[in-house]
Amino acid sequence: MGIKQVRALTTTLPSVTWISLARAHAERADQMTADHRARRAAGEKHPIEDFLYDYYSTRPSMLRRWHPGVGAGLASAPDGLAEHAGWKFYATHEDGIVALDEDALMQARGESVRYIHGLLTATASRPVFSGCFGLHEWAMVYRDPEHRHALPLRLGQSETDKVVEGHTIRCTHFDAFRFFTPEAVGLNRLQPTRATQVDLDQPGCLHAAMDVHKWAQKLGPAVPGALALDCFALAGEIRLLDMQASPYDLASYGHPPVKIETPEGKAEYVARQRELARRAAGLRSRLIRVCDALLGPEDAARNREAVAPHNHR
């Protein structure tokens with residue numbers, strides 16, 4: 001632990017405040033991950049909830065670690081410096097206040113911060129598209145007897161294939177599209193790539209909304225603890241709808257299907273999709289502000305100009 005100069009702080013939390021916040025955060029995180037940790041200890045799998053841990057490489061131990069966020073300092077406790085003083089990307093002021101070392105974080109992750117800032121800004125600039133009906137999950141099993149989850153198809157393979165063939169597939173998110181079966185790839189109106197993600201991600205997409213958790217993790221200690229857990233919680237709700245609207249039969253897990261092959265199911269899907277998109281938009285805006293703070297006014301403005309051609313597409 002070294003003593004060094006860090007950027008000016010916007011607020012300093014007394015120990016009685018931040019210790020209470022850190023304790024409450026850990027308790028909330030433990031509640032959110034309890035079922036997963038119990039299943040992991042028993043060697044059990046869960047096709048819905050494991051996604052947040054496996055796909056996003058989420059570790060419960062990191063979720064329960066509270067961070068004050070960029071610009072916030074932690075005053076010393078009666079028994080010494082905040083434990084954050086020994087954590088990566090933290091530094092200690094001469095007066096004993098511990099805070100995020102923004103320069104060190106930007107030196108290590110600056111390009112990632114700029115990318116996240118640009119992607120989230122471009123995504124937020126677009127209108128919500130709600131005409132996809134979650135068909136990406138159907139395209140992932142189209143004409144393929146080997147499925148990602150050990151669950152039966154609700155309609156069987158043949159009828160599932162007919163649902164795909166009877167709809168227009170318009171998936172904009174590369175990380176969903178890349179799991180399409182070979183036979184389904186050509187059915188998508190778009191052909192997303194990693195290089196075109198900034199061009200195509202739109203706020204109505206369940207996966208783009210779920211990714212607020214991904215970006216919060218990548219921004220790491222710059223993200224206030226409450227925001228990080230809010231992103232994780234919303235991702236869990238989105239994942240549930242993603243699977244309820246999928247072709248899989250979730251009856252054994254107690255979840256009714258959202259039958260997107262019917263008008264009623266489509267209406268339910270769109271209503272829930274729009275509400276989740278509304279909530280994700282708020283979290284996305286808060287993550288953009290985190291990036292703004294890390295980049296600084298001039299760099300953030302330049303980054304916005306760089307992605308401006310991608311906006312509203």
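This section describes two helix packings, a buried aspartate and two loop residues with positive phi in a predicted model.

Two helix pairs were examined. The first comprises helix α1, which spans residues 15-42, and helix α11. Their axes lie 11 Å apart and enclose an angle of about 15°. Since angles under 35 degrees count as roughly parallel, α1 and α11 are therefore roughly parallel to each other. The crossing of α1 past α11 is left-handed. On the α1 side, the contact is formed by His25, Arg28, Ala29, Met32 and Thr33. These residues meet Gly225, Ala226, Leu229, Asp230, Phe232 and Ala233 of α11. Classified by type, the contact of α1 with α11 contains 6 nonpolar, 3 polar and 2 charged residues.

The second pair consists of helix α12 (residues 263-295) and helix α13 (residues 297-307). Here the axes are 6 Å apart, and the packing angle is about 125°. This angle makes α12 oblique to α13. Helix α12 contributes Ile288, Asp292 and Leu295 to the contact, whereas Pro297, Asp299, Ala300, Asn303 and Arg304 are supplied by α13. The residues of this contact of α12 with α13 comprise 4 nonpolar, 1 polar and 3 charged.

Helix α11, which covers residues 225-244, also contains aspartate 242. The relative accessible area of aspartate 242 is 1%; because values under 20% define the buried class, aspartate 242 is assigned to that class. Its side chain is joined to that of histidine 136 by a polar contact of 2.7 Å. When residues up to four places away in sequence are not counted, aspartate 242 touches His136, Glu137, Leu206, His207 and Met210. Histidine 136 is thus both a polar partner of aspartate 242 and one of the residues that aspartate 242 touches.

Backbone geometry was considered at two loop positions. Most residues other than glycine have a negative phi. Phenylalanine 133, although not a glycine, has a positive phi of about 55°. This residue is located in the loop between α4 (102-124) and α5 (135-139). With a relative accessibility of 18%, phenylalanine 133 counts as buried. Arginine 143, likewise not a glycine, has a positive phi of about 50°. The position of arginine 143 is in the loop between α5 and α6, the latter helix comprising residues 156-165. Helix α5 therefore borders both loops, the one holding phenylalanine 133 and the one holding arginine 143.

How values were computed. Residues are numbered from 1 along each chain as its sequence is written. This is a predicted model: local features need pLDDT of at least 70, side-chain atom pairs count only at pLDDT 80 or more; totals for chains, interfaces and linings use all residues. Side-chain values use heavy atoms; hydrogens and water are left out. Axes are lines fitted to C-alpha atoms, for helices over the stretch in contact, and angles run from 0 to 180 degrees between N-to-C directions. Helices (H or I, at least four residues) and strands (E, at least two) are DSSP runs, numbered from the N terminus. Angles under 35 degrees count as roughly parallel, over 145 as roughly antiparallel, 65 to 115 as roughly perpendicular and the rest as oblique. Contact means heavy atoms within 4.5 Å. Ala, Val, Leu, Ile, Met, Phe, Trp, Tyr, Cys and Pro count as nonpolar, Asp, Glu, Lys and Arg as charged, and the others, Gly among them, as polar. Buried means under 20% relative accessible area, exposed over 50%, partly exposed in between (1.4 Å probe, protein chains only). A polar contact is a pair of N or O atoms within 3.5 Å; within protein, one must be able to donate a hydrogen and the other to accept it, and residues adjacent in sequence count only if both atoms are side-chain atoms. A crossing is left-handed if the near helix is turned anticlockwise from the far one by less than a right angle, and right-handed if clockwise.
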